[in-house]
Amino acid sequence: RSDNRVKIVEVGPRDGLQNEKKSIPLATKIELIERLAKTGVSVIEAGSFVSPKWVPQMDNSSEILEHILTNKIPSPVPITYSFLAPNAKGVENATALLQKYRDGYLTEAESFSGLKGKPTVELAVFAAATESFSKKNLNCDIATSLERFRDVIQGAKQLGIRARAYISVVLGCPFEGYDVNPHKVAEIATSLLEMGADEISLGDTTGMGTAPRTQELLKCMSAAGIRNEDIAMHFHDTYGQALVNTAISLERGIRTFDSSVGGLGGCPYSPGATGNVATENMVYFLESLGMETGIDLDAMADIGQWISEELSRPNDSAVGKAVLGA
Ligand code: HMG
Ligand code: MG
């Protein structure tokens, strides 16, 4: 893998849609995923096995996973479909389908051994960097959440699939402001990696992150012995700083970034937070630096415009609009 290669994790179908008030038809979600699969993106976060009482929009994630496992969704590159699962119940629900449709995906070992033609699947847990955000988002303190995640990660490993771990509010918290301790973030990341997490996604949930604070956080991660290849950056663009912070992260050697088509999104537990940085903006920016994303920008821009219209919201990607001449 060359140093110019960047992995984009398209989180639109989950992070982008979870906060939409109006119920989105299953067919629209599936169309979104199937269109994204054609763009060259290699990871799509497709749903969330969480409490439908708290996040009703993700209620049909089982149907989405079932669709993925029972239909050969065409894609130019092998795709990993990722699903959030915060606790035993989430893993049970995902596992039931993964066992029922065992033919529908490859384990990590199978994909390493060169088998192709089927997707891989990943489960993702989500910790928080502050106690107040943990209580709001997970209904428990950080220590308790980590104990639950141990089971989720073990569940994923038993299935032979990857486990991703988010840490939210790493650069600013809606309840504790800018006062987020980067050493605490590194400590939580270390615990999650020791439990077997394959990748830590550092979430700037509120978009409050700035260039110096991104720099400081990543220095702390290195100082704690965490390798760049185990880190992904997850920027929300509320303050318009996402690409600046991406540049800082790239300079420090990070090569995995989360983004959502059309800049969809907002977190239900982070009042005022807007969407993730738009995938179109990310691809345009990275390619301008000579990095390779493997993603077809025009196709991505078309999807951003289409899904924005479907949701009756403005297209939140400046690049997407410019590319389309809109
Ligand atoms: P809990 O401890 O069971 O407590 O769940 P609860 O009172 O919240 O549970 C309420 C009900 O949900 C109970 O049912 C549970 O059984 C059920 P009831 O007894 O009322 O009938 N339940 C579940 N149902 C289906 N699947 C499950 C599940 N778990 C419990 N997995 C928990 C605590 C955190 C799991 C729950 O509150 C929950 O799912 N909350 C939603 C959290 C969430 O989805 N947040 C948004 C995603 S995180 C994010 O967006 C940030 C990120 O993008 C990165 C970044 O930007 O920073 C990842
Ligand atoms: Mg997010």
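**A walk around the barrel**

Let me start with one pair of residues: the bridge partner that Phe 83 has in strand E4 is Leu 123. When I say strand or helix, I mean a DSSP run numbered from the N terminus, with at least four residues for a helix (H or I) and at least two for a strand (E), and two strands count as paired if DSSP finds at least two bridges between them.

Please keep in mind that this is a predicted model, in which local features need a pLDDT of at least 70 and side-chain atom pairs count only at pLDDT 80 or more, while totals for chains, interfaces and linings use all residues. Residues are numbered from 1 along each chain as its sequence is written, and chains are lettered from A and ligands numbered from 1 in the order in which they are written. The pLDDT, which is the predictor's confidence in each residue on a scale from 0 to 100, averages 96 over the chain, and 97% of the residues score at least 70. The model also scores ipTM 0.98 and pTM 0.97.

Now to the sheet itself. Eight strands form a closed barrel in the order E1-E2-E3-E4-E5-E6-E7-E8, with parallel pairing. On average, neighbouring strands of this sheet are turned by 25° against each other, direction ignored; here axes are lines fitted to C-alpha atoms, for helices over the stretch in contact, and angles run from 0 to 180 degrees between N-to-C directions. Packed on the sheet is helix H7 (residues 142-159), which touches strand E4 (120-128) and E5, and its direction makes about 175° with that of E4. For contact, the C-beta atoms of two residues, placed from the backbone, must lie within 7 Å.

Let us follow the pairing from one strand to the next. E2 (residues 43-48) and E3 (residues 80-84) run parallel and are joined by five bridges, where Ile 44 has Tyr 81 of E3 as its bridge partner. E3 and E4 likewise pair in the parallel sense over five bridges, and E4 and E5 do so over seven, with Ala 127 bridged to Ile 167 in E5.

How many residues of E4 are buried? Nine of its nine residues are, so the strand is largely enclosed by the rest of the structure, where buried means that 20 or more other C-beta atoms lie within 10 Å of a residue's own, exposed means 12 or fewer, and partly exposed is in between, with C-beta atoms placed from the backbone. In a regular strand the side chains alternate between the two faces of the sheet. Both faces of E4 are covered, with Glu 122 and Phe 126 among the buried residues on one side and Leu 123 and Val 125 among those on the other. In E3, five of five residues are buried, with Thr 80, Ser 82 and Leu 84 on one side and Tyr 81 and Phe 83 on the other.

Finally, which residues are closest to ligand 1? They are Val 50, Ser 51, Gly 90, Ser 168 and Gly 203, out of 26 that surround the ligand, a residue being near if its C-beta atom, placed from the backbone, lies within 6 Å. Helix H4 (88-100), helix H6 (131-138) and strand E5 (162-168) each give two or more residues to this shell, and H4 gives the most, with three.
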